[in-house]
Amino acid sequence: MTQFEKVSQNSALHPKPVGLVLQYGTAGFRTSAEELDHIMFRMGLLAVLRSKKTKATIGVMVTASHNPEEDNGVKLVDPMGEMVTPTWEEYAMQLANAEQDALLTALMDIIKKEAISMEQEANIFIGKDTRQSSEKLSQAVLEGVLSLGGQVHDYGVVTTPQLHFMVRCQNTQGCYGSPTLEGYYQKLSQGFVQLAKHAPNRTDDQKHLTVDGANGVGALRLRDMERFLQNQLQISLFNDCSAGKLNFQCGADYVKVQQKPPQGVEMSMGERCCSFDGDADRIVYYYKDSVGCFHLLDGDKIATLIGTFIKDMLTQAGLDLQIAVVQTAYANGSSTRYLEDILKVTVCCTKTGVKHLHHAAQEFDIGVYFEANGHGTVLFSNAALEKIQQLAQDSSIKDEKKKTAAQLLQSTVNVINQAVGDAISDMLLVEGVLAIQGLSVQQWDTMYHDLPNRQRKIKVADRRVITTTDAERRAVTPPGLQETVDKLVKKYPQSRAFVRPSGTEDIIRIYAEADTQENADALAQEVCLAVY
Ligand code: 16G
Ligand code: ZN
């Protein structure tokens, strides 16, 4: 049997429902788990082609992140651990949406367009989250890969960022780390322990952190990692997968959107808490103050903390490297003002979705990128990495402050997962920075005050009627909408609002911020009415 006959035969075991059309959205294919079997098989096929084309290992992650347990999804990971390149998102859709009898033609078409040599070998890394459906769906990916003659390493249940990390390690011949869970835990924890050494006299209270694992994979893998942390962090883990439902009334997305604490977490006053999302690529922090009031420290606050720390260290180390912070339209106006006016760093705004932020951050020596929802990381250019490493290893430096700063920068590099935003890695970096700077969560929170804001969503027949420009901050169509939003915004002090189609669901999203919560709510409501 030829390879293609095998594909044809096996694909019949993963039939596509006639007429079903799915989009490769911001974070890959994502929908009800029941609709995804054929998609998984076909993404296995596509991963093989991508691997042959790039002559590198490609990742396939089965997850629907913060979405409900009943959903699932899949995305491809490119050689350096980034999201797959846009042309291949198009191929993903061609392949996914080809009716059963047109699958081989669609496959051949990609092979021809990309001039792929089928002789080339292919290696695929597969990972999955804890969803019940993930087991069977990742099996379908595997069958797709094997049908087209690819080799597979199945990592089983890992966080999304862990799979990205493995792919990057594999394709950089170990320069980035070793492509194993052990390698991941060792690299990140060593970086963190080095940072923590610079904060020697912390009390147990200061070392204590409450973590909401969203009843997902992040909880499991954090448990594995604890033994590497040398008691520098004392974690109380809740929503740890033992009983509750994934993402249900818990997790980073719930906390951020609802602006309230997750269920199932014991929080005492003033205590530092954080929530991961369902695949552990997002994190937000929060605490309850002395009168029981809830305070959220989202991705913007994390970016500001990290940006400030890195900038300080660069100054102390005497390193002239350009640092920028990349945000999206959702970034709180106060954070942008703080970064530009007080911290005086370059700030860029991109469209929502990790790939856009990641891409923009690559333009700088050091690019800190975070979405307000808690997804983010820091990218260092090769030149920046070299300079930091050289300085950290330079034994001729007599200036202690300079030496320490260089070493702290080097440890920061090690703790960061540069492949993609990573809740565990971000958590370790935040904990390290707070420890070194001797900051409590309350002190961190006072760096700037968030403008009150409100997010809303509206179901519409076709979200594509709304198109946007200026990093999604202005609506181009339907005609007149932006003018109406502009008028509404003028009614409220310090306000801002935008409307954008979701890249992951069939809805329109609305964001409003203003001087008071009442005004932010009222503005959001008025903008909603303008969209209907
Ligand atoms: C996805 C994106 C996330 C973005 C969100 C927006 C990745 C890995 N994830 O979850 O970055 O914030 O979509 O969703 O890119 P929306 O378009 O529905 O608002
Ligand atoms: Zn996620």
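## Strands 8 and 9

Within strand 9, I283 is the bridge partner of F276. This pairing belongs to a set of 4 bridges that join strand 8 (residues 273–276) to strand 9 (residues 283–288), the two strands running antiparallel; helices (H or I, at least four residues) and strands (E, at least two) are DSSP runs numbered from the N terminus, and two strands count as paired if DSSP finds at least two bridges between them.

The model is a predicted one, in which local features need pLDDT of at least 70 and side-chain atom pairs count only at pLDDT 80 or more, while totals for chains, interfaces and linings use all residues. Residues are numbered from 1 along each chain as its sequence is written, with chains lettered from A and ligands numbered from 1 in the order in which they are written.

## The sheet of strands 6 to 10

Strands 8 and 9 sit in an open sheet of 5 strands, ordered 7-6-8-9-10 with mixed pairing. Its edge strands, each pairing on one side only, are strand 7 (234–238) and strand 10 (294–297), and the twist averages 30° from one strand to the next. Axes here are lines fitted to C-alpha atoms, for helices over the stretch in contact, and angles run from 0 to 180 degrees between N-to-C directions.

Helix 9 (residues 217–226) lies across strand 6 (208–212), strand 7 and strand 8, and runs at about 155° to strand 7; contact between two residues requires their C-beta atoms, placed from the backbone, to lie within 7 Å.

## The sheet of strands 1 to 5

Another open sheet is formed by 5 strands in the order 1-3-2-4-5, again with mixed pairing. Strand 1 (29–32) and strand 5 (151–157) are the edge strands, each pairing on one side only, and the twist averages 15° from one strand to the next.

Strand 2 (residues 58–62) and strand 4 (residues 123–128) run parallel and are joined by 5 bridges, K128 of strand 4 being the bridge partner of V62. Helix 2 (residues 37–54) lies across strand 1, strand 2, strand 3 (71–77) and strand 4, at about 160° to strand 2.

## Domains

The chain is divided into domain 1 (3–157), domain 2 (182–296), domain 3 (299–423) and domain 4 (453–531), with bounds that come from an automatic or database domain assignment. The centres of domain 1 and domain 3, taken over C-alpha atoms, are separated by 33 Å, and their contact takes 5 residues from domain 1 and 7 residues from domain 3.
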